[in-house]
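Me: Please take a close look at one part of this structure with me. I am in my first year, so short sentences would help. Begin at the ligand and work outwards from there.

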Amino acid sequence: MRENEPTPVQTPILAILGDKPLFAEPRHVGTPFIPPRDLLHASLDEILDSRRLSNDGPYVRRLEAMLAELHGVAHAVAICNATIAMQLLFRALRLCGEIIMPSFTFIATAHAATWEGLETVFVDIDRETHSIDPIAAAKAVNADTTAIVGVHLWGELCDIERLTLVAQNAGVPLIFDAAQALGCDCSNHSTSHSVGRGAIASVISLHATKIVSGLEGGAVLTNDDVLADKLRSMRNFGFAGYDRVTSLGTNAKLNEFSAAFAIRGLECLESLTLRNRQVRETYQRCLAGIPGLAFHAPATAKSVNDQYAIVIIDAAACPLTRDELLQTLWAENILARRYFFPGCHRMEPYASRPIDRKPWLPTTEEVAAGVLALPTGSAVSLDDVRLICHRIRVAVEQHNRVRESINQAAGA
Ligand code: T4K
(Lines give C-alpha, C1' and ligand atoms only; values in the text may rest on other atoms or scores of the structure.)
Protein backbone atom coordinates (compact mmCIF):
# COMPACT_ATOMS: atom_id res chain seq x y z
CA MET A 1 0.00 0.00 0.00
CA ARG A 2 1.40 3.43 -0.91
CA GLU A 3 1.72 5.92 1.94
CA ASN A 4 -0.88 8.29 0.58
CA GLU A 5 -3.35 5.50 -0.11
CA PRO A 6 -6.10 4.83 2.42
CA THR A 7 -5.99 1.63 4.45
CA PRO A 8 -9.32 0.42 2.96
CA VAL A 9 -9.09 0.98 -0.78
CA GLN A 10 -12.73 1.69 -1.61
CA THR A 11 -13.81 5.30 -1.65
CA PRO A 12 -15.84 5.79 1.51
CA ILE A 13 -19.20 7.49 1.65
CA LEU A 14 -18.69 10.40 3.98
CA ALA A 15 -20.59 10.55 7.27
CA ILE A 16 -21.83 13.99 6.31
CA LEU A 17 -23.45 12.31 3.30
CA GLY A 18 -25.18 9.72 5.46
CA ASP A 19 -22.62 6.99 6.16
CA LYS A 20 -21.52 6.09 9.70
CA PRO A 21 -18.60 8.07 11.17
CA LEU A 22 -15.10 6.87 10.38
CA PHE A 23 -14.28 6.53 14.09
CA ALA A 24 -16.61 5.20 16.79
CA GLU A 25 -14.55 7.13 19.38
CA PRO A 26 -13.55 10.75 18.74
CA ARG A 27 -9.99 11.57 17.70
CA HIS A 28 -8.90 14.77 19.45
CA VAL A 29 -6.24 17.40 19.09
CA GLY A 30 -4.11 16.62 22.11
CA THR A 31 -5.56 13.58 23.85
CA PRO A 32 -3.46 13.40 27.02
CA PHE A 33 -0.51 11.05 27.18
CA ILE A 34 -0.71 8.69 30.15
CA PRO A 35 2.75 7.62 31.32
CA PRO A 36 3.36 3.89 32.06
CA ARG A 37 0.86 3.03 34.78
CA ASP A 38 3.13 0.84 36.90
CA LEU A 39 5.65 3.68 37.21
CA LEU A 40 2.89 6.19 37.82
CA HIS A 41 1.33 4.02 40.52
CA ALA A 42 4.72 3.58 42.19
CA SER A 43 5.17 7.36 42.35
CA LEU A 44 1.66 7.93 43.61
CA ASP A 45 2.10 5.26 46.29
CA GLU A 46 5.33 6.93 47.39
CA ILE A 47 3.55 10.27 47.68
CA LEU A 48 0.67 8.76 49.61
CA ASP A 49 3.01 6.90 51.94
CA SER A 50 5.05 10.04 52.58
CA ARG A 51 1.93 12.19 53.08
CA ARG A 52 3.83 15.03 51.46
CA LEU A 53 1.22 16.26 48.99
CA SER A 54 2.14 19.88 48.27
CA ASN A 55 4.25 22.92 49.29
CA ASP A 56 7.55 22.53 47.47
CA GLY A 57 7.76 18.77 47.99
CA PRO A 58 10.41 16.41 46.64
CA TYR A 59 8.56 15.66 43.38
CA VAL A 60 8.15 19.34 42.57
CA ARG A 61 11.84 19.87 43.25
CA ARG A 62 12.81 16.91 41.06
CA LEU A 63 10.56 18.14 38.27
CA GLU A 64 12.11 21.62 38.48
CA ALA A 65 15.61 20.15 38.27
CA MET A 66 14.64 18.04 35.24
CA LEU A 67 13.01 20.97 33.42
CA ALA A 68 15.96 23.28 34.12
CA GLU A 69 18.43 20.67 32.88
CA LEU A 70 16.36 19.88 29.77
CA HIS A 71 16.11 23.52 28.75
CA GLY A 72 19.63 24.52 29.76
CA VAL A 73 18.61 27.16 32.29
CA ALA A 74 19.50 27.81 35.90
CA HIS A 75 15.95 27.72 37.22
CA ALA A 76 12.58 26.18 36.49
CA VAL A 77 9.93 27.39 38.91
CA ALA A 78 6.91 25.07 38.90
CA ILE A 79 3.52 26.80 38.98
CA CYS A 80 -0.05 25.45 38.99
CA ASN A 81 -0.56 26.33 35.29
CA ALA A 82 1.05 28.45 32.57
CA THR A 83 -1.57 31.22 32.69
CA ILE A 84 -0.95 31.90 36.37
CA ALA A 85 2.78 31.49 35.75
CA MET A 86 2.63 34.35 33.22
CA GLN A 87 0.65 36.49 35.65
CA LEU A 88 3.19 35.92 38.40
CA LEU A 89 6.01 36.68 35.99
CA PHE A 90 4.46 39.95 34.77
CA ARG A 91 3.93 40.98 38.39
CA ALA A 92 7.40 39.92 39.52
CA LEU A 93 8.88 42.06 36.72
CA ARG A 94 6.75 44.99 37.90
CA LEU A 95 5.39 45.50 34.39
CA CYS A 96 3.18 48.50 33.95
CA GLY A 97 1.76 49.96 30.73
CA GLU A 98 1.58 48.41 27.27
CA ILE A 99 2.66 44.87 26.51
CA ILE A 100 3.26 43.90 22.89
CA MET A 101 2.19 40.42 21.80
CA PRO A 102 0.69 38.58 18.83
CA SER A 103 -3.08 38.26 18.62
CA PHE A 104 -2.66 34.85 17.03
CA THR A 105 -2.19 32.86 20.25
CA PHE A 106 -4.28 31.08 22.84
CA ILE A 107 -6.36 33.61 24.72
CA ALA A 108 -4.43 32.90 27.93
CA THR A 109 -1.48 34.99 26.73
CA ALA A 110 -3.65 38.10 26.48
CA HIS A 111 -5.79 37.40 29.52
CA ALA A 112 -2.77 36.90 31.79
CA ALA A 113 -1.54 40.37 30.88
CA THR A 114 -4.95 42.00 31.17
CA TRP A 115 -5.55 40.32 34.53
CA GLU A 116 -2.37 42.01 35.74
CA GLY A 117 -3.63 45.40 34.63
CA LEU A 118 -1.52 45.62 31.47
CA GLU A 119 -2.69 47.02 28.18
CA THR A 120 -2.27 44.41 25.45
CA VAL A 121 -1.02 45.73 22.12
CA PHE A 122 -1.67 43.10 19.46
CA VAL A 123 0.68 42.99 16.50
CA ASP A 124 0.70 40.93 13.34
CA ILE A 125 2.42 37.63 12.64
CA ASP A 126 4.72 36.26 10.01
CA ARG A 127 2.77 34.39 7.32
CA GLU A 128 5.24 31.49 7.16
CA THR A 129 5.92 30.83 10.84
CA HIS A 130 2.64 32.12 12.36
CA SER A 131 4.78 33.77 15.06
CA ILE A 132 5.00 37.43 16.02
CA ASP A 133 6.52 39.60 13.27
CA PRO A 134 9.56 41.38 14.78
CA ILE A 135 9.11 44.37 12.45
CA ALA A 136 5.51 44.79 13.59
CA ALA A 137 6.67 44.50 17.20
CA ALA A 138 9.31 47.19 16.64
CA LYS A 139 6.74 49.52 15.07
CA ALA A 140 4.43 49.13 18.08
CA VAL A 141 7.06 50.22 20.61
CA ASN A 142 6.44 53.56 22.30
CA ALA A 143 7.15 55.28 25.60
CA ASP A 144 4.46 53.22 27.38
CA THR A 145 5.80 49.86 26.25
CA THR A 146 6.68 47.72 29.26
CA ALA A 147 7.52 44.35 27.67
CA ILE A 148 7.36 42.22 24.52
CA VAL A 149 5.93 38.71 24.49
CA GLY A 150 6.87 36.24 21.77
CA VAL A 151 4.85 33.03 21.53
CA HIS A 152 6.55 29.81 20.46
CA LEU A 153 3.50 28.63 18.56
CA TRP A 154 3.00 25.01 17.48
CA GLY A 155 6.14 24.13 19.44
CA GLU A 156 8.29 26.13 17.03
CA LEU A 157 10.59 28.83 18.26
CA CYS A 158 9.72 32.37 17.22
CA ASP A 159 12.39 34.70 15.86
CA ILE A 160 14.43 34.92 19.06
CA GLU A 161 17.35 36.88 17.60
CA ARG A 162 15.35 39.65 15.95
CA LEU A 163 12.96 39.96 18.89
CA THR A 164 15.93 40.26 21.23
CA LEU A 165 17.17 43.21 19.20
CA VAL A 166 13.75 44.84 19.22
CA ALA A 167 13.46 44.44 23.00
CA GLN A 168 17.02 45.69 23.56
CA ASN A 169 16.40 48.77 21.43
CA ALA A 170 13.17 49.42 23.29
CA GLY A 171 14.85 48.84 26.65
CA VAL A 172 12.15 46.44 27.81
CA PRO A 173 12.18 42.78 28.85
CA LEU A 174 11.48 40.04 26.33
CA ILE A 175 9.30 37.18 27.57
CA PHE A 176 8.40 33.98 25.79
CA ASP A 177 5.09 32.23 26.08
CA ALA A 178 6.50 28.77 25.51
CA ALA A 179 3.37 26.96 26.69
CA GLN A 180 3.45 24.77 23.57
CA ALA A 181 7.20 24.41 23.31
CA LEU A 182 8.38 22.13 26.09
CA GLY A 183 11.55 20.38 24.99
CA CYS A 184 12.11 22.41 21.83
CA ASP A 185 15.67 22.72 20.62
CA CYS A 186 17.34 21.66 23.81
CA SER A 187 19.91 19.61 21.96
CA ASN A 188 22.55 22.34 22.12
CA HIS A 189 22.51 24.46 25.23
CA SER A 190 25.28 26.72 23.98
CA THR A 191 22.95 28.29 21.43
CA SER A 192 20.50 31.03 22.26
CA HIS A 193 17.92 29.17 20.16
CA SER A 194 16.25 27.32 22.97
CA VAL A 195 12.95 27.70 24.73
CA GLY A 196 14.66 28.71 27.93
CA ARG A 197 17.08 31.17 26.37
CA GLY A 198 17.09 34.58 24.77
CA ALA A 199 14.50 36.08 27.11
CA ILE A 200 14.37 37.15 30.72
CA ALA A 201 12.02 34.21 31.19
CA SER A 202 9.94 31.68 29.27
CA VAL A 203 6.77 30.00 30.45
CA ILE A 204 5.94 26.39 29.60
CA SER A 205 2.65 24.59 30.14
CA LEU A 206 2.08 21.14 31.58
CA HIS A 207 -1.63 21.11 30.74
CA ALA A 208 -3.27 17.76 30.05
CA THR A 209 -3.20 18.34 26.29
CA LYS A 210 0.51 19.18 26.13
CA ILE A 211 3.34 16.89 25.07
CA VAL A 212 4.23 16.39 28.74
CA SER A 213 1.48 16.91 31.24
CA GLY A 214 1.04 17.33 34.96
CA LEU A 215 -2.77 17.16 34.49
CA GLU A 216 -2.53 20.90 35.03
CA GLY A 217 0.75 22.69 35.53
CA GLY A 218 3.35 25.08 34.21
CA ALA A 219 6.79 26.47 34.91
CA VAL A 220 8.83 29.63 34.48
CA LEU A 221 12.29 29.05 33.02
CA THR A 222 14.90 31.67 33.79
CA ASN A 223 18.59 32.25 34.41
CA ASP A 224 17.84 35.14 36.75
CA ASP A 225 18.44 34.03 40.37
CA VAL A 226 16.61 37.00 41.91
CA LEU A 227 13.58 36.55 39.66
CA ALA A 228 13.42 32.81 40.43
CA ASP A 229 13.54 33.46 44.19
CA LYS A 230 10.83 36.07 43.87
CA LEU A 231 8.58 33.73 41.90
CA ARG A 232 9.11 30.93 44.43
CA SER A 233 8.03 33.25 47.21
CA MET A 234 5.12 34.72 45.21
CA ARG A 235 3.66 31.28 44.41
CA ASN A 236 3.64 30.53 48.15
CA PHE A 237 1.75 33.52 49.62
CA GLY A 238 4.93 35.64 49.76
CA PHE A 239 6.58 33.44 52.41
CA ALA A 240 10.32 33.71 52.74
CA GLY A 241 10.58 31.26 55.63
CA TYR A 242 8.25 29.31 57.91
CA ASP A 243 6.58 32.38 59.40
CA ARG A 244 8.06 35.32 57.54
CA VAL A 245 6.10 36.95 54.73
CA THR A 246 8.11 39.50 52.79
CA SER A 247 5.84 40.43 49.90
CA LEU A 248 2.41 40.05 48.38
CA GLY A 249 1.95 36.47 47.24
CA THR A 250 -0.74 34.06 46.22
CA ASN A 251 -1.28 30.32 46.06
CA ALA A 252 0.10 29.18 42.71
CA LYS A 253 1.82 26.00 43.85
CA LEU A 254 2.02 22.77 41.90
CA ASN A 255 1.01 19.67 43.88
CA GLU A 256 3.05 16.49 44.19
CA PHE A 257 0.69 14.30 42.11
CA SER A 258 0.97 16.71 39.18
CA ALA A 259 4.74 16.86 39.52
CA ALA A 260 5.01 13.06 39.61
CA PHE A 261 2.78 12.74 36.53
CA ALA A 262 4.93 15.27 34.68
CA ILE A 263 8.17 13.54 35.72
CA ARG A 264 6.90 10.21 34.36
CA GLY A 265 5.92 12.01 31.14
CA LEU A 266 9.31 13.73 30.86
CA GLU A 267 10.97 10.33 31.09
CA CYS A 268 9.14 9.47 27.85
CA LEU A 269 9.84 12.78 26.08
CA GLU A 270 12.22 11.37 23.50
CA SER A 271 9.82 8.68 22.34
CA LEU A 272 6.89 11.12 22.43
CA THR A 273 8.75 13.59 20.22
CA LEU A 274 9.76 10.84 17.81
CA ARG A 275 6.22 9.60 17.64
CA ASN A 276 4.87 13.14 17.06
CA ARG A 277 7.36 13.51 14.23
CA GLN A 278 6.09 10.32 12.60
CA VAL A 279 2.53 11.61 12.88
CA ARG A 280 3.53 14.95 11.36
CA GLU A 281 5.47 13.35 8.52
CA THR A 282 2.60 10.97 7.75
CA TYR A 283 0.16 13.88 7.60
CA GLN A 284 2.58 15.80 5.41
CA ARG A 285 2.97 12.93 2.94
CA CYS A 286 -0.67 11.85 2.86
CA LEU A 287 -2.07 15.37 2.40
CA ALA A 288 0.29 16.27 -0.43
CA GLY A 289 -1.40 17.41 -3.63
CA ILE A 290 -4.84 18.25 -2.22
CA PRO A 291 -5.78 21.53 -3.92
CA GLY A 292 -5.74 24.57 -1.66
CA LEU A 293 -4.55 22.66 1.38
CA ALA A 294 -1.02 23.21 2.69
CA PHE A 295 0.60 21.44 5.61
CA HIS A 296 2.34 23.89 7.94
CA ALA A 297 5.86 22.47 8.04
CA PRO A 298 8.27 23.76 10.69
CA ALA A 299 11.14 25.88 9.41
CA THR A 300 13.72 23.72 11.17
CA ALA A 301 12.50 20.24 11.92
CA LYS A 302 15.17 19.87 14.61
CA SER A 303 13.75 22.47 16.91
CA VAL A 304 10.16 21.31 17.25
CA ASN A 305 8.23 18.91 19.45
CA ASP A 306 5.57 18.41 16.75
CA GLN A 307 2.71 18.37 19.21
CA TYR A 308 0.41 20.06 16.71
CA ALA A 309 -0.35 19.10 13.09
CA ILE A 310 -1.49 22.26 11.34
CA VAL A 311 -2.96 22.69 7.88
CA ILE A 312 -3.88 25.92 6.12
CA ILE A 313 -6.85 25.97 3.80
CA ASP A 314 -6.50 28.59 1.09
CA ALA A 315 -10.01 29.89 0.44
CA ALA A 316 -9.13 30.87 -3.12
CA ALA A 317 -7.75 27.48 -4.11
CA CYS A 318 -9.60 24.87 -2.05
CA PRO A 319 -13.04 23.85 -3.32
CA LEU A 320 -14.26 23.54 0.30
CA THR A 321 -14.08 26.29 2.88
CA ARG A 322 -12.17 25.66 6.09
CA ASP A 323 -15.42 25.54 8.05
CA GLU A 324 -17.08 23.15 5.60
CA LEU A 325 -14.09 20.85 5.94
CA LEU A 326 -14.23 21.18 9.72
CA GLN A 327 -17.90 20.22 9.74
CA THR A 328 -17.20 17.25 7.47
CA LEU A 329 -14.44 16.04 9.77
CA TRP A 330 -16.49 16.43 12.94
CA ALA A 331 -19.19 14.24 11.36
CA GLU A 332 -16.47 11.57 11.09
CA ASN A 333 -15.56 12.01 14.78
CA ILE A 334 -12.34 13.69 13.68
CA LEU A 335 -12.37 16.62 16.11
CA ALA A 336 -10.07 19.07 14.32
CA ARG A 337 -9.84 22.56 15.87
CA ARG A 338 -9.69 26.12 14.53
CA TYR A 339 -6.74 27.17 16.71
CA PHE A 340 -6.59 30.21 17.21
CA PHE A 341 -9.61 31.56 15.38
CA PRO A 342 -10.58 34.40 15.32
CA GLY A 343 -7.50 35.82 17.10
CA CYS A 344 -7.45 37.39 20.57
CA HIS A 345 -8.26 40.86 19.20
CA ARG A 346 -11.67 39.55 18.06
CA MET A 347 -12.50 38.04 21.45
CA GLU A 348 -13.70 39.82 24.57
CA PRO A 349 -12.77 42.01 26.25
CA TYR A 350 -10.49 43.09 23.38
CA ALA A 351 -13.13 43.05 20.61
CA SER A 352 -15.13 45.77 22.36
CA ARG A 353 -12.32 48.27 22.43
CA PRO A 354 -13.03 51.62 20.79
CA ILE A 355 -12.46 51.73 17.06
CA ASP A 356 -9.26 53.77 17.36
CA ARG A 357 -7.73 51.00 19.48
CA LYS A 358 -8.66 48.15 17.16
CA PRO A 359 -5.55 46.75 15.49
CA TRP A 360 -5.11 46.17 11.76
CA LEU A 361 -3.78 42.61 11.48
CA PRO A 362 -4.19 41.34 7.91
CA THR A 363 -1.90 38.32 8.21
CA THR A 364 -3.46 37.26 11.50
CA GLU A 365 -6.92 37.49 9.90
CA GLU A 366 -5.79 35.47 6.91
CA VAL A 367 -4.07 32.73 8.92
CA ALA A 368 -6.84 32.53 11.54
CA ALA A 369 -9.40 32.10 8.75
CA GLY A 370 -7.53 29.20 7.18
CA VAL A 371 -5.97 27.22 9.99
CA LEU A 372 -7.03 23.77 11.13
CA ALA A 373 -5.33 21.69 13.83
CA LEU A 374 -5.67 17.97 13.10
CA PRO A 375 -5.77 15.16 15.68
CA THR A 376 -2.36 14.33 17.14
CA GLY A 377 -0.83 12.67 20.15
CA SER A 378 -0.25 9.20 21.44
CA ALA A 379 -3.92 8.17 21.09
CA VAL A 380 -3.82 8.73 17.31
CA SER A 381 -2.27 5.85 15.35
CA LEU A 382 -0.44 6.27 12.05
CA ASP A 383 -3.28 4.29 10.45
CA ASP A 384 -5.72 6.82 11.94
CA VAL A 385 -3.68 9.59 10.33
CA ARG A 386 -3.79 7.90 6.91
CA LEU A 387 -7.55 7.42 7.22
CA ILE A 388 -8.07 11.02 8.30
CA CYS A 389 -6.06 12.26 5.32
CA HIS A 390 -8.05 10.04 2.98
CA ARG A 391 -11.34 11.44 4.31
CA ILE A 392 -10.01 14.95 3.74
CA ARG A 393 -9.05 14.05 0.17
CA VAL A 394 -12.45 12.48 -0.53
CA ALA A 395 -14.27 15.44 1.05
CA VAL A 396 -12.41 17.88 -1.19
CA GLU A 397 -13.08 15.69 -4.25
CA GLN A 398 -16.78 15.49 -3.41
CA HIS A 399 -17.05 19.15 -2.48
CA ASN A 400 -20.30 19.74 -4.37
CA ARG A 401 -22.17 16.98 -2.55
CA VAL A 402 -20.61 17.98 0.79
CA ARG A 403 -21.67 21.60 0.36
CA GLU A 404 -25.16 20.60 -0.71
CA SER A 405 -25.54 18.41 2.38
CA ILE A 406 -24.27 21.16 4.71
CA ASN A 407 -26.60 23.72 3.14
CA GLN A 408 -29.54 21.32 3.36
CA ALA A 409 -28.85 20.67 7.07
CA ALA A 410 -28.57 24.42 7.72
CA GLY A 411 -31.87 25.05 5.94
CA ALA A 412 -33.73 22.20 7.66
N1 T4K B 1 -0.25 30.07 25.97
C2 T4K B 1 -0.44 29.25 24.92
C3 T4K B 1 0.19 29.58 23.61
C4 T4K B 1 -1.21 28.09 25.07
O5 T4K B 1 -1.42 27.26 24.02
C6 T4K B 1 -1.79 27.81 26.33
C7 T4K B 1 -2.65 26.67 26.51
C8 T4K B 1 -1.52 28.69 27.40
C9 T4K B 1 -0.75 29.82 27.18
C10 T4K B 1 -2.08 28.44 28.78
O11 T4K B 1 -1.54 27.27 29.35
P12 T4K B 1 -2.28 26.61 30.63
O13 T4K B 1 -2.69 27.74 31.55
O14 T4K B 1 -3.48 25.85 30.12
O15 T4K B 1 -1.24 25.72 31.27
C16 T4K B 1 -6.54 23.72 25.28
C17 T4K B 1 -5.86 23.75 26.63
O18 T4K B 1 -6.79 23.88 27.69
C19 T4K B 1 -4.84 24.83 26.75
O20 T4K B 1 -3.99 24.46 27.81
C21 T4K B 1 -4.02 24.95 25.48
N22 T4K B 1 -3.09 26.05 25.51
C23 T4K B 1 -4.93 25.14 24.28
C24 T4K B 1 -4.15 25.24 23.00
O25 T4K B 1 -5.78 24.02 24.18
P26 T4K B 1 -9.04 23.87 24.59
O27 T4K B 1 -10.18 24.46 25.33
O28 T4K B 1 -8.96 24.10 23.16
O29 T4K B 1 -8.85 22.31 24.87
P30 T4K B 1 -9.91 21.22 25.21
O31 T4K B 1 -10.20 21.22 26.66
O32 T4K B 1 -11.01 21.30 24.24
O33 T4K B 1 -8.99 19.93 24.92
C34 T4K B 1 -8.63 19.58 23.60
C35 T4K B 1 -9.06 18.14 23.36
O36 T4K B 1 -8.30 17.26 24.15
C37 T4K B 1 -10.49 17.94 23.76
O38 T4K B 1 -11.29 18.04 22.64
C39 T4K B 1 -10.52 16.60 24.41
C40 T4K B 1 -9.12 16.24 24.68
N41 T4K B 1 -8.90 16.12 26.11
C42 T4K B 1 -8.73 17.27 26.85
C43 T4K B 1 -8.53 17.19 28.20
C44 T4K B 1 -8.34 18.44 29.02
C45 T4K B 1 -8.89 14.90 26.70
O46 T4K B 1 -9.05 13.86 26.02
N47 T4K B 1 -8.66 14.80 28.05
C48 T4K B 1 -8.48 15.90 28.84
O49 T4K B 1 -8.25 15.77 30.04
O50 T4K B 1 -7.71 24.45 25.30
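Reply: A polar contact is a pair of N or O atoms within 3.5 Å. Keep that cut-off in mind, and remember that this is a predicted model.

Start with the ligand's polar partners. The side chain of tyrosine 339 has an N or O atom 2.6 Å from an oxygen atom of the ligand. Threonine 83 offers a side-chain N or O atom at 2.5 Å from a ligand oxygen. Lysine 210 meets a nitrogen atom of the ligand instead, with a side-chain N or O atom 2.9 Å away. How much of the ligand does the protein cover? On its own, the ligand has 920 Å² of accessible area, and the protein covers 75% of that.

Now count the shell. The ligand is surrounded by 27 residues. Thr83, Asp177, Ser205, Arg337 and Tyr339 are the closest. Sort the shell by class, and you get 12 nonpolar, 12 polar and 3 charged residues. Which helices take part with at least two residues each? They are α3, residues 82–92, and α4, residues 107–115. The largest share comes from α3, with 3 residues.

Next, step to the loop between β3 and α4, where threonine 105 is found. Is threonine 105 buried or exposed? Buried means under 20% relative accessible area. Threonine 105 has 3% relative accessibility, so it counts as buried. Its side chain makes a polar contact of 2.7 Å with the side chain of threonine 109. Further along the chain, threonine 105 touches Val151, Leu153, Asp177, Phe340 and Cys344, leaving out residues up to four places away in sequence. One of those names is already familiar: Asp177 is among the closest residues to the ligand. Threonine 105 also has a C-alpha atom 9.3 Å from that of histidine 130, although 25 residues separate them along the chain.

Look at β3 itself, residues 98–102. All 5 of its 5 residues are buried, so this strand is largely enclosed by the rest of the structure. In a regular strand, side chains alternate between the two faces of the sheet. In β3, Glu98, Ile100 and Pro102 lie on one side, with Ile99 and Met101 on the other. Both faces are covered. The partner strand is β4, residues 119–123, joined to β3 by 5 bridges and running parallel to it. Within that pair, isoleucine 99 stands opposite threonine 120.

Strand β2, residues 75–79, can be read in the same manner. Its residues are buried, 5 of 5. His75, Val77 and Ile79 point one way, while Ala76 and Ala78 point the other. Here the partner is β8, residues 218–222, and the two strands run antiparallel, with 5 bridges between them. Histidine 75 faces threonine 222 in β8.

Two more loop residues round out the picture. Glutamate 156 sits between β5 (145–151) and α6 (160–170). Its relative accessible area is 9%, so glutamate 156 is buried. What does its side chain meet? It makes a polar contact of 3.1 Å with the side chain of histidine 296. Apart from residues up to four places away in sequence, glutamate 156 touches His296, Pro298, Ala299 and Val304. Glutamate 156 and alanine 178 lie 22 residues apart in sequence, and their C-alpha atoms are 9.1 Å apart.

Asparagine 305 belongs to the loop between β9 (293–295) and β10 (309–313). Asparagine 305 is buried because its relative accessible area is 1%. A polar atom of its side chain lies 3.0 Å from the backbone oxygen of leucine 182. Beyond neighbours within four places in sequence, its contacts include Trp154, Gly155, Gln180, Ala181 and Leu182. Cys184, Ile211, Thr273 and Asn276 are also among them.

Finish at helix α10, residues 322–331. Which of its residues are buried? They are Arg322, Glu324, Leu325, Leu326, Thr328 and Leu329. After α10 comes asparagine 333, with a positive phi near 70 degrees.

Note on methods:
Residues numbered from 1 in each chain as written. Predicted model: local features only at pLDDT ≥ 70, side-chain atom pairs only at ≥ 80, totals over all residues. Heavy atoms only, no water. Near = heavy atom within 4 Å. Polar contact = N/O pair within 3.5 Å; in protein donor to acceptor, adjacent residues only side chain to side chain. Areas by Shrake-Rupley, 256 points an atom, 1.4 Å probe, with all protein chains shown as cover. Helix = DSSP H or I, 4+ residues; strand = E, 2+ residues; numbered from the N terminus. Nonpolar A, V, L, I, M, F, W, Y, C, P; charged D, E, K, R; others polar. Buried < 20%, exposed > 50% of the residue type's maximum accessible area, 1.4 Å probe, protein only. Contact = heavy atoms within 4.5 Å. Pairing = 2+ DSSP bridges.
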